[in-house]
Amino acid sequence: MPDQSGRTVIVTGANSGLGFEATKAFTQKGAHVVMACRSLERGNRARREIESMTTGASLTVLELDLGSQASIRQFVTEFDSEFDRLDVLLNNAGVMMTPYSTTEDGFELQFGVNHLGHFALTGLLIDHLLETDSETRIVMQSSVAHRNGTGEIDFDDLNGRQSYGRFEAYAQSKLANLLFTYELDRRLRAIGTDTIAVAAHPGSSATELPDGDSEMETSTIRKIFSKFVNTFLTQSASTGVLPALYAATAENVDGGHYFGPDGFLEMRGNPTRVVSNATSYDHPTARRLWDISEELTGVTFELEEPQPA
Ligand SMILES: NC(=O)c1ccc[n+]([C@@H]2O[C@H](COP(=O)([O-])OP(=O)(O)OC[C@H]3O[C@@H](n4cnc5c(N)ncnc54)[C@H](OP(=O)(O)O)[C@@H]3O)[C@@H](O)[C@H]2O)c1
């Protein structure tokens, strides 16, 4: 990673797994990292751990619950009052395969946290990214799981009220991450800015993710599943975070690109450019999701809709 001195980076879900590793890496290269964490206690514990291993670490912990539109707005207000530049927004936090549950605002948890939360956060921070006097980036952490389930967005039942499958809902939220990133980048290109939106995925990495949501009870079966996955099927979180770090900082990255590991089935390895499923590149689907996301969150981006090619 090139030197990051003087740069300000926000990492969501910075206290654990890939977010923790990203925070550590940015800090070691001299960036100031704003650790956006749902729990201040867990965030500060992680901050102390990074400080103990990095001389001169420059970190701020701010509270952010992506399942609460009020919390997202409060986070942005606090960020606004303390910071005047934003170089990288790493939208990393997430929950996986949770039992049916809703966010504070009534959205299905995985769709609400993984997609709508980051959609709103990005919309409320976009002016900071546009106004910062260097090339700035939004990086979205997606997953190979975006291909699972139907590989489509279920617009008739976005919040899983009629039928819910935890596996399918996770897949949909990760597909939504890609549709949003690519559409955001098209809209950024349409206004001629040097802010870009890029996607990444970590393959299969050993983190807390298979346990589900840390604020929900984890069943014994799930704990066994999680232990099995993390012991036999994963690479380390410090390797898994490399595609996101590459997307955030490498020189030869264009907006709308997607990076993942270069090994078998993109499960492990070094960062390389990868391709996502056909739906993720579909412009009408992306525009439809964008409009609904604006409606549901009440956050609108002041960006032109790109003209069809
Ligand atoms: N690990 C993998 O193999 C893998 C594969 C594909 C994609 N990913 C993606 O990588 C990202 C990071 O996951 P991870 O593997 O590092 O898992 P992790 O160790 O469980 O970390 C997830 C982070 O997200 C935070 N989070 C959860 N709900 C939140 C909310 N409502 N508001 C704010 N933060 C919230 C968690 O905070 P708490 O500590 O408070 O729970 C935690 O910091 C996710 O987007 C995931 O979909 C991971």
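When I call a residue buried, I mean that its relative accessible area is under 20%, when I call it exposed I mean over 50%, and partly exposed covers what lies in between. Please keep those words in mind, because Arg189, with a relative accessible area of 36%, is partly exposed by that rule, and we will come back to Arg189 later on. I should also say at the start that what you see above is a predicted model.

Let me begin with the sheet. It is an open sheet of eight strands, and if you walk across it the order is S3-S2-S1-S4-S5-S6-S7-S8, with mixed pairing. At the edges are strand S3, residues 58-63, and strand S8, residues 271-273, each of which pairs on one side only. From one strand to the next the twist averages 20°. As a reminder for those new to this, strands of a sheet pair through backbone hydrogen bonds, either parallel or antiparallel. For S8 the partner is strand S7, residues 258-261, and these two pair in the antiparallel sense over three bridges, with Phe259 standing opposite Arg273 in S8.

Now, which helices lie across these strands? Helix H1, made of residues 17-28, lies across S1, S2, S3, S4 and S5, and it runs at about 165° to S1. Helix H4, residues 109-131, lies across S1, S4 and S5, running at about 175° to S4.

Next, the packing of nonpolar side chains. The largest nonpolar core has 33 residues, and those that touch the most other members are Ile10, Phe75, Leu121, Leu125 and Leu184. The elements giving two or more residues to this core are S2, helix H3 (69-82), H4, S5 and H5, and among these H4 gives the most, with eight residues. If you look at Ile10 and leave aside its neighbours within four places in sequence, you will find it in contact with Val34, Ala36, Phe75, Phe79, Leu86, Val88, Leu89, Leu90 and Leu125. Apart from this core lies another one, of 32 residues, which includes Ala31, Ala200, Ala237 and Val253.

Finally, let us turn to charge. Side chains of opposite charge can pair when their charged atoms come close. How many salt bridges does a search of the whole structure find? The search finds ten, and I will take you through some of them.

One joins Lys24 and Glu21, whose closest N and O atoms are 3.3 Å apart. These two residues are three apart in helix H1, so about one helical turn separates them. Lys24 has a relative accessible area of 17% and is therefore buried, and Glu21, at 15%, counts as buried too.

Another joins Glu135 and Arg137, with the closest N and O atoms 2.9 Å apart. Here Glu135 counts as partly exposed, at 32% relative accessibility, whereas Arg137 counts as buried, at 4%.

That brings us back to Arg189, whose side chain meets that of Asp185 in a salt bridge, at 2.7 Å from N to O. Because Arg189 and Asp185 are four residues apart in helix H5, residues 166-190, they are separated by about one helical turn. Arg189 is partly exposed, as I said at the start, while Asp185, at 5% relative accessibility, counts as buried. Elsewhere, salt bridges that share partners join Arg7, Arg85, Asp87 and Asp133 into one network, and with that network I will stop.

Technical notes:
Residues numbered from 1 in each chain as written. Predicted model: local features only at pLDDT ≥ 70, side-chain atom pairs only at ≥ 80, totals over all residues. Heavy atoms only, no water. Pairing = 2+ DSSP bridges. Axes fitted to C-alpha atoms, helices over the stretch in contact; angles between N-to-C directions. Contact = heavy atoms within 4.5 Å. Salt bridge = Lys/Arg side-chain N within 4 Å of Asp/Glu carboxyl O. Buried < 20%, exposed > 50% of the residue type's maximum accessible area, 1.4 Å probe, protein only. Core = buried A, V, L, I, M, F, W, Y, C linked by side-chain atoms within 4.5 Å.
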